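Open the model in your viewer and keep the sequence panel visible. The tour below tells you what to select at each stop and what is there.

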Amino acid sequence: MMEFIGAEPWNVKAVITKFCVNYSGTICQMCSSGCQYNAIKFRVHSGNMTLPEIDLDECNGCGDCYRSCPKLAIDIKPH
Ligand code: SF4
Ligand code: SF4
């Protein structure tokens with residue numbers, strides 16, 4: 001869900017939610033491919049899960065990853 005109401009322009013960041021398919025063992029990196037700012041990195045966690053993480057220094061809240069995620073698993077929120 002996009003939560004722009006009340007946010008200052010560009011004062012928003014991407015947030016990965018629990019609906020990301022990588023939490024269930026599927027391998028997907030579509031959001032990373034959709035981010036032209038290279039703000040989405042993948043890190044291996046226990047159980048060999050590879051989960052996306054947002055680099056908040058690089059993310060400018062453009063929303064491209066939101067549009068590229070097939071599961072709508074990314075929120076854009078005030079930060
Ligand atoms: S595109 Fe969506 S489902 Fe795929 S890795 Fe990114 S957040 Fe997860
Ligand atoms: S909101 Fe834009 S800059 Fe931030 S992670 Fe998504 S695509 Fe990259």
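Helices (H or I, at least four residues) and strands (E, at least two) are runs assigned by DSSP, and they are numbered from the N terminus. With that in hand, select Thr26: this residue sits in the loop between S1 and H1. Bear in mind throughout that the model is predicted.

**Stop 1: the whole chain**

Colour the protein by secondary structure. Two helices and four strands should appear. Followed from the N terminus, the elements come in the order β-α-β-β-α-β. The protein has 79 residues, and 18% of them are buried. Take the contacts between residues at least 6 apart in sequence: 67% of these join residues at least 24 apart.

**Stop 2: Thr26**

Go back to Thr26 in its loop between S1 and H1. Is Thr26 buried or exposed? Thr26 is exposed, because 9 other C-beta atoms lie within 10 Å and a residue with 12 or fewer counts as exposed. Now add Thr50 to the selection. Thr26 and Thr50 are 24 residues apart in sequence, and their C-alpha atoms are 9.1 Å apart in space.

**Stop 3: strand S1**

Select Val15, which is in strand S1. Val15 is partly exposed, with 16 other C-beta atoms within 10 Å. Beyond residues up to four places away in sequence, Val15 touches Ile54, Ile74, Asp75 and Lys77. Measure from Val15 to Asp55, C-alpha to C-alpha: the separation is 10.0 Å, for residues 40 apart along the chain.

Move on to Ile16, also found in strand S1. Ile16 counts as partly exposed, with 19 C-beta neighbours inside 10 Å; the buried class begins at 20. Which residues does Ile16 contact, leaving aside neighbours within four places in sequence? They are Pro52, Glu53, Ile54, Ala73 and Ile74. For Pro52, the C-alpha distance to Ile16 is 7.2 Å, although the two are 36 residues apart in sequence.

**Stop 4: the hairpin**

Select residues 40–44, which are strand S2, and then residues 50–54, which are strand S3. The two strands pair in the antiparallel sense over five bridges. They form a hairpin with five residues between them. In the turn, find Gly47, whose phi is positive at about 80 degrees.

Stay in S2 and select Ile40. The bridge partner of Ile40 in S3 is Ile54. Ile40 is buried, because 23 other C-beta atoms lie within 10 Å and 20 or more is what the term requires. Apart from neighbours within four places in sequence, Ile40 is in contact with Cys31, Ser32, Cys35, Pro52, Ile54 and Cys65. Leu56 is 16 residues from Ile40 in sequence and 9.1 Å from Ile40 in space, C-alpha to C-alpha.

**Stop 5: the nonpolar core**

In soluble globular proteins, nonpolar side chains tend to be buried together. To see the largest nonpolar core here, select Val12, Ala14, Cys31, Cys35, Ala39, Ile40, Cys59, Cys65, Cys69, Ala73, Ile74 and Ile76, twelve residues in all. Strand S1 (12–16) and strand S4 (74–78) each supply at least two residues of this core.

**Stop 6: two loop residues with positive phi**

Select Asn38, in the loop between helix H1 (30–33) and S2. Its phi is near 55 degrees, a positive value in a residue other than glycine. Asn38 counts as exposed, with 10 C-beta neighbours inside 10 Å.

Next select Leu72, in the loop between helix H2 (64–68) and S4. Leu72 is not glycine either, and its phi is positive, near 50 degrees. Leu72 counts as exposed, with 11 C-beta neighbours inside 10 Å.

**Stop 7: the ligands**

Show ligand 1. How many residues surround ligand 1? There are 13, and the closest are Cys20, Cys28, Met30, Cys31 and Cys69. By class, this shell has ten nonpolar, two polar and one charged residues.

Finish at ligand 2, which has 14 residues around it. Cys35, Cys59, Cys62, Asp64 and Cys65 come nearest. The shell around ligand 2 is made up of nine nonpolar, four polar and one charged residues.

Definitions and conventions:
Residues are numbered from 1 along each chain as its sequence is written. Chains are lettered from A and ligands numbered from 1 in the order in which they are written. This is a predicted model: local features need pLDDT of at least 70, side-chain atom pairs count only at pLDDT 80 or more; totals for chains, interfaces and linings use all residues. A residue is near a molecule or strand if its C-beta atom, placed from the backbone, lies within 6 Å of it. Ala, Val, Leu, Ile, Met, Phe, Trp, Tyr, Cys and Pro count as nonpolar, Asp, Glu, Lys and Arg as charged, and the others, Gly among them, as polar. Two residues are in contact if their C-beta atoms, placed from the backbone, lie within 7 Å. Two strands pair if DSSP finds at least two bridges between them. A nonpolar core is a set of buried Ala, Val, Leu, Ile, Met, Phe, Trp, Tyr and Cys residues joined through C-beta atoms within 7 Å.
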